[in-house]
Amino acid sequence: MDYFEYLRHFIQRDSALLTEIENESELRDDIQPSVEPELGKFLGLMVRLTKADKILEIGSGIGYSTIWLAEAVKITDGKVITIDNHERTHKELLRNISNAGLGKWIEIKHGNAEDIVPSLSGSWDIIFQDSGKYLYPLLYEQIFSLTRTGGLIIADDTLFKVNPGVRKGLGNYMDEYNKIVFADSRLYSTILPVGHGITVSLKLE
Ligand SMILES: C[S@@+](CC[C@H](N)C(=O)[O-])C[C@H]1O[C@@H](n2cnc3c(N)ncnc32)[C@H](O)[C@@H]1O
């Protein structure tokens with residue numbers, strides 16, 4: 001067993017549909033990559049740990065990470081609001097959420113994050129940023145304001161600068177994002193080497 005086979009064989013999926021999406025995604029090159037199963041599980045863990053009931057996801061893709069978040073938010077009977085602007089995969093996203101039986105806990109907002117995020121208000125327990133990489137620095141202050149004190153901002157792919165995979169050229173946005181976050185004394189942050197890196201930030205008092 002190699003490194004990933006070993007770690008992933010321990011990860012029980014919270015929904016059978018997650019395994020189906022993983023298997024299907026492996027055969028496709030027409031969709032953007034979903035988070036790794038270990039990051040999905042980490043998201044589920046963070047929702048359970050913080051007892052989050054108000055979660056914002058920016059970048060739904062075809063719903064893989066959304067399902068991990070929503071399976072956990074069922075416990076508090078809360079809600080995941082997820083934003084994506086993709087036209088072609090929108091129907092797939094709707095279908096996956098419906099097939100997972102999670103419609104009650106998910107609200108999909110179809111459109112540009114840069115238009116939708118400024119229209120949001122309230123105080124969110126967890127904000128998961130996994131959309132267009134240029135949006136990370138651009139939306140940072142708004143995301144910070146929407147996060148409740150004691151809430152988490154989790155950003156995916158933040159080691160692109162040094163570990164870009166095929167997505168070379170996006171590393172500078174991630175580097176800019178990390179510099180902003182780590183200079184912000186209102187947060188307690190770390191980067192974890194999960195997938196292409198995640199920056200996890202706790203909003204302090
Ligand atoms: C990496 S994928 C998200 C994967 C998803 N989080 C998962 O793990 O299953 C990034 C998504 O961000 C969306 N996106 C990119 N730019 C966007 C924008 N300006 N507004 C809304 N969504 C955007 C893309 O359409 C794409 O579906």
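The ligand takes up the space of the largest pocket. The model is predicted. In this model, 22 residues surround the ligand. The closest are V35, G59, D84, E114 and D130.

The make-up of this shell was examined by residue class. Twelve of its residues are polar, six are nonpolar and four are charged. Two helices each supply at least two residues of the shell. They are α4, which covers residues 64–73, and α6, which covers residues 113–116.

Polar contacts to the ligand were then listed. A nitrogen atom of the ligand lies 2.7 Å from an N or O atom in the side chain of D130. On the protein side, V35 takes part through its backbone: a polar backbone atom of V35 is 2.8 Å from an oxygen atom of the ligand. S34 takes part through its side chain, where an N or O atom is 3.3 Å from an oxygen atom of the ligand. These pairs count as polar contacts because the cut-off is 3.5 Å between N or O atoms. On its own, the ligand has 610 Å² of accessible area, and the protein covers 94% of that area.

Aromatic pairs were searched for across the whole structure. The search finds six. One pair joins Y136 and Y177, whose ring centres are 5.6 Å apart. Their planes meet at 85 degrees, so the pair is edge-to-face. The cut-off for this class is over 60 degrees. Y136 lies in helix α7, residues 135–146. Y177 lies in helix α8, residues 171–183. The pair therefore ties together parts that are 41 residues apart in sequence.

Technical notes. Residues are numbered from 1 along each chain as its sequence is written. This is a predicted model: local features need pLDDT of at least 70, side-chain atom pairs count only at pLDDT 80 or more; totals for chains, interfaces and linings use all residues. Side-chain values use heavy atoms; hydrogens and water are left out. A residue is near a molecule or strand if one of its heavy atoms lies within 4 Å of it. A polar contact is a pair of N or O atoms within 3.5 Å; within protein, one must be able to donate a hydrogen and the other to accept it, and residues adjacent in sequence count only if both atoms are side-chain atoms. Accessible areas come from the Shrake-Rupley method with a 1.4 Å probe; for residues, only the protein chains shown count as cover. On a 1 Å grid over the protein atoms alone, a cavity is a set of points where a 1.4 Å probe fits but cannot get out, and a pocket is an open set with protein on both sides within 12 Å along at least five of seven lines; lining residues have an atom within 4 Å of a point. A molecule sits in a cavity or pocket if more than half of its atoms lie within 2 Å of its grid points. Helices (H or I, at least four residues) and strands (E, at least two) are DSSP runs, numbered from the N terminus. Ala, Val, Leu, Ile, Met, Phe, Trp, Tyr, Cys and Pro count as nonpolar, Asp, Glu, Lys and Arg as charged, and the others, Gly among them, as polar. Rings of Phe, Tyr and Trp (its six-membered ring) pair if their centres lie within 6.5 Å; planes under 30 degrees apart count as stacked, over 60 as edge-to-face and the rest as tilted.
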